[in-house]
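Trainee: I have a list of labels here, and I want the reasoning behind each one. Can we go through them?
Mentor: Yes. Have the model open as we talk.

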Amino acid sequence: MGSIIEVMKVKMIAAALDSDQGRRDILYDVFKRLLDILMSSLAIIFMIPSLCIISILIRLGSPGPIILSRKRVGKNGKIFRQFRFRTIKKEYINYNDLKEVDSKQKYTVIGRYLKNISMECLPELFNVLMGVV
């Protein structure tokens with residue numbers, strides 16, 4: 001009889017620990033999302049001048065869209081659109097295998113520079129703000 005009571009106590013403790021873990025996970029998710037919104041908003045606000053200058057340089061450097069979007073797999077396997085500044089020439093936007101093309105040939109002048117300093121990813125801040133990554 002004593003062993004049955006002990007097993008019941010262990011099961012009750014395990015259930016309580018599981019519910020505490022669930023609450024911690026929810027609190028973590030809420031806190032993380034609030035932090036994502038705050039930090040990405042601040043970064044976008046501070047980067048507005050850079051975003052504008054880069055956009056103008058891309059437009060002046062070559063015809064075509066300023067920002068490209070590609071489908072990617074995000075949280076929980078959901079597909080989302082990843083935004084990036086266009087670094088490649090217009091004729092290569094829909095080209096399937098860019099690895100075959102010489103990098104000097106496919107990148108614009110500003111695009112090559114953006115790639116070198118990793119600034120082509122700045123529009124991804126909007127993905128963070130929207131909560132898709």
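Mentor: Start with a cut-off: contact means heavy atoms within 4.5 Å. Leaving aside neighbours within four places in sequence, Ser 62 is in contact with Arg 86 and Thr 108. Keep in mind that this is a predicted model.

Trainee: Where is Ser 62 in the chain?
Mentor: In the loop between helix H1 (2–61) and strand S1 (67–73).

Trainee: What makes Ser 62 count as buried?
Mentor: The cut-off for buried is under 20% relative accessible area. Ser 62 has 12% relative accessibility, so Ser 62 counts as buried.

Trainee: What makes the link between the side chains of Ser 62 and Arg 86 a polar contact?
Mentor: A polar contact needs N or O atoms within 3.5 Å, with one able to donate a hydrogen and the other to accept it. The side chains of Ser 62 and Arg 86 are joined at 2.9 Å. The polar contact stands.

Trainee: Give me the layout of the chain.
Mentor: Four helices and two strands. From the N terminus the order is α-β-β-α-α-α. Of the 133 residues, 23% count as buried. About 9,800 Å² is exposed, and carbon and sulfur atoms supply 66% of that area. Take the contacts with a separation of 6 or more: residues 24 or more positions apart account for 50% of them.

Trainee: Why is Ile 79 called exposed?
Mentor: Exposed means over 50%. The relative accessible area of Ile 79 is 60%, so Ile 79 is exposed. Its place is in strand S2 (residues 79–85). Not counting residues up to four places away in sequence, Ile 79 touches Lys 71, Arg 72 and Val 73. The C-alpha atoms of Ile 79 and Val 133 are 10.0 Å apart, with the two positions 54 residues apart in sequence numbering.

Trainee: And Thr 87, buried or exposed?
Mentor: Buried. Its relative accessibility is 7%, and the limit is under 20%. Thr 87 is found in the loop between S2 and helix H2 (103–106). Setting aside neighbours within four places in sequence, its contacts include Lys 106, Tyr 107, Gly 111 and Glu 120.

Trainee: Which residues of H3 are buried?
Mentor: Ile 110, Gly 111 and Leu 114.

Trainee: How do you know that the buried residues of H3 line one face?
Mentor: Look down the axis of H3: its buried residues fall within an arc of 100°, so they line one face of the helix. An α-helix has 3.6 residues a turn, so residues three or four places apart point the same way. On the other side of H3, Val 109 and Asn 116 are exposed.

Trainee: What makes Val 109 exposed?
Mentor: Its relative accessibility is 69%, against a cut-off of over 50%. Val 109 and Ser 62 are 47 residues apart in sequence and 9.0 Å apart in space, C-alpha to C-alpha.

Trainee: What is the phi of Ser 118, just after H3?
Mentor: Positive, at about 60°. Ser 118 is a residue other than glycine. Its place is in the loop between helix H3 (109–116) and helix H4 (124–130).

Trainee: Which residues make up the largest nonpolar core?
Mentor: Seven in all: Leu 51, Ile 54, Ile 58, Phe 85, Ile 110, Leu 114 and Leu 122. H1 and H3 are the elements that give two or more residues to this core. H1 gives the most, with three. A second, separate core of five residues includes Leu 68, Ile 88, Tyr 92 and Ile 93.

Trainee: What does Ile 58 touch, not counting residues up to four places away in sequence?
Mentor: Pro 65, Ile 66, Phe 85, Arg 86, Ile 110 and Leu 114.

Trainee: How many disulfides does the structure hold?
Mentor: Zero. A disulfide would need a pair of cysteine sulfur atoms within 2.5 Å.

Trainee: Why are Cys 52 and Cys 121 called partly exposed?
Mentor: Partly exposed runs between the 20% and 50% cut-offs. Cys 52 has 42% relative accessibility, so Cys 52 counts as partly exposed. Cys 121 has 24%, so the label is partly exposed there too.

Key
Residues are numbered from 1 along each chain as its sequence is written. This is a predicted model: local features need pLDDT of at least 70, side-chain atom pairs count only at pLDDT 80 or more; totals for chains, interfaces and linings use all residues. Side-chain values use heavy atoms; hydrogens and water are left out. Buried means under 20% relative accessible area, exposed over 50%, partly exposed in between (1.4 Å probe, protein chains only). Accessible areas come from the Shrake-Rupley method with a 1.4 Å probe; for residues, only the protein chains shown count as cover. The arc is that of the directions from the helix axis to the C-beta atoms. A nonpolar core is a set of buried Ala, Val, Leu, Ile, Met, Phe, Trp, Tyr and Cys residues joined through side-chain atoms within 4.5 Å.
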